[in-house]
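Please keep your viewer open beside this page and be ready to select residues by number as you read. Each stop below suggests a selection and then describes what is there.

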Amino acid sequence: MNRRDFNKRLLLAGSVALLSRDIVRAATEGPTLEAIRARGALRIGVFSGTEPYYHKDLATGEWGGFCVSLAKDFAEHLGVKLEMVETTWGNAVLDLQGNKIDMMFGLSKNPERAKVVDFTGAMLDNTFTILTRKDLAVTKWDELNKPDVRVAVDLGSTHDMFARKNLPDCTLVALKSADEVILALQSGRADALIQVALLSVVTSKNLGDKFNLVVPQPQSSQPTTIGVRRDPNGEFRDFVDNWLQTRRHEGKVNEWILDSLALVGVDRAKLPPTLKF
């Protein structure tokens, strides 16, 4: 073989290797990630008034909250900038479908949503907790499951569904809104209320020392996930999930959650020691 033929074969082999690498990358990353890289920006949905998930500084326009901390890390992982697109929980799925955003952090999975967008594994396991009046000593869920114990929940919420499934014998006080549930506890119309931890720690802080925040045993939680644009074979979901599970294993997600509680004035040192995210 002469040098010219050798060089031709070497170039051909290199071209095949590059092509093979590109095919593997395309098969792994899919169209959504390719579009993000081409755009040079990751678009996420955000909206104010949902601390500690999302928080907008009205003076600077800067966004914070633990969902934003995750998004910044993922954008850095991709080597692209982060763009905030204002939306709502109700519109987030439509915005994913309509290619207005690429990801929505903190979106709960349900069968209807799962028909049109993809969901990662758990971003956090949002533990179910209770707030009780001071004289009600409760450490286990079974201790609430009695007709003489009035448990308040917001109608149609995950709290409501959890109570109906796990506390069928309690006296359920199902009210229209979370504010009404808190008022029921404050006024004595309820002995306890159920909320997931990221809500109850804020409620507990706002109510002061008049009520107890308890993590009943056995601990029960609801996974909160990331909603992502659907690729043909779930490529983007799988890519995001690999990154997410690595960050959870490293303890970074838990740290970002705890740091974000400062946005609502919650002292992490005062959280129940058994509380996990």
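The tour goes from the whole chain to single elements and then to pairs of side chains.

**The whole model**

Begin with everything selected, and keep in mind that this is a predicted model. The mean pLDDT of the protein is 87, and 88% of its residues reach 70 or more. Now select residues 12-27, where the pLDDT is below 50 and where the model has four contacts beyond near neighbours in sequence. Where pLDDT is low, the predicted coordinates should not be read in detail.

Return to the full chain and colour it by secondary structure, which brings out eight helices and 12 strands. Of the 277 residues in the protein, 45% are buried, and the protein exposes about 14400 Å², of which carbon and sulfur atoms supply 52%. Among the contacts with a separation of 6 or more, 70% are between residues 24 or more positions apart.

**Stop one: strand S1**

Select residues 41-46, which form strand S1, and show their side chains; six of the six residues are buried. Which residues point one way from S1, and which the other way? Ala-41, Arg-43 and Gly-45 point one way, while Leu-42, Ile-44 and Val-46 point the other way, and all of them are buried. In a regular strand the side chains alternate between the two faces of the sheet.

Next add residues 81-86, which are strand S4, and you can follow how S1 and S4 pair in the parallel sense over six bridges. For one example, look at Gly-45, whose bridge partner in S4 is Val-85.

**Stop two: helix H6**

Select residues 197-207 to display helix H6, in which eight of the 11 residues are buried, so this helix is largely enclosed by the rest of the structure. The buried residues are Ala-197, Leu-198, Ser-200, Val-201, Val-202, Thr-203, Ser-204 and Leu-207. What covers the buried residues of H6? The cover includes helices H2 (66-78), H5 (178-187) and H8 (252-260), together with strands S7 (124-133), S10 (192-196) and S11 (211-214). Step past the end of the helix to Gly-208, which follows H6 and has a positive phi, near 80°.

**Stop three: salt bridges**

A search of the whole structure finds 15 salt bridges, and a few of them can be visited in turn. Select Lys-56 and Glu-86, which form a salt bridge whose closest N and O atoms are 3.1 Å apart. Lys-56 lies in strand S2 (residues 55-56) and Glu-86 in strand S4, so the pair ties together parts that are 30 residues apart in sequence. Lys-56 is partly exposed, with a relative accessible area of 26%.

Move on to Asp-118 and Arg-230, another salt bridge, with its closest N and O atoms 3.0 Å apart. Asp-118 is in strand S6 (residues 118-119) and Arg-230 is in the loop between strand S12 (221-228) and helix H7 (235-250), so this pair ties together parts that are 112 residues apart in sequence. Is each partner buried or partly exposed? Asp-118 is buried, with a relative accessible area of 6%, whereas Arg-230 counts as partly exposed at 39% relative accessibility.

Then select Arg-150 and Asp-191, whose side chains meet in a salt bridge at 2.9 Å, N to O. This pair links distant parts of the chain, with Arg-150 in strand S8 (residues 150-154) and Asp-191 in the loop between H5 and S10, 41 residues apart. Arg-150 is partly exposed, with a relative accessible area of 30%, while Asp-191 is buried at 5%. To finish this stop, select Asp-118, Arg-230, Arg-237 and Asp-238 together, since salt bridges that share partners join these residues into one network.

**Stop four: Arg-247 and two cysteines**

Go to Arg-247 in helix H7, a residue that is buried, with a relative accessible area of 17%. Leaving aside neighbours within four places in sequence, Arg-247 is in contact with Asp-73, Lys-252, Val-253 and Trp-256, and these can be added to the selection.

Finally, select Cys-67, which counts as buried at 0% relative accessibility, and Cys-170, which also counts as buried, at 10%. How many disulfides does the structure hold? It holds zero disulfides.

Key
Residues are numbered from 1 along each chain as its sequence is written. Side-chain values use heavy atoms; hydrogens and water are left out. pLDDT is the predictor's confidence in each residue, from 0 to 100. Contact means heavy atoms within 4.5 Å. Buried means under 20% relative accessible area, exposed over 50%, partly exposed in between (1.4 Å probe, protein chains only). Helices (H or I, at least four residues) and strands (E, at least two) are DSSP runs, numbered from the N terminus. Two strands pair if DSSP finds at least two bridges between them. Accessible areas come from the Shrake-Rupley method with a 1.4 Å probe; for residues, only the protein chains shown count as cover. A salt bridge is a side-chain nitrogen of Lys or Arg within 4 Å of a carboxyl oxygen of Asp or Glu. A disulfide is a pair of cysteine sulfur atoms within 2.5 Å.
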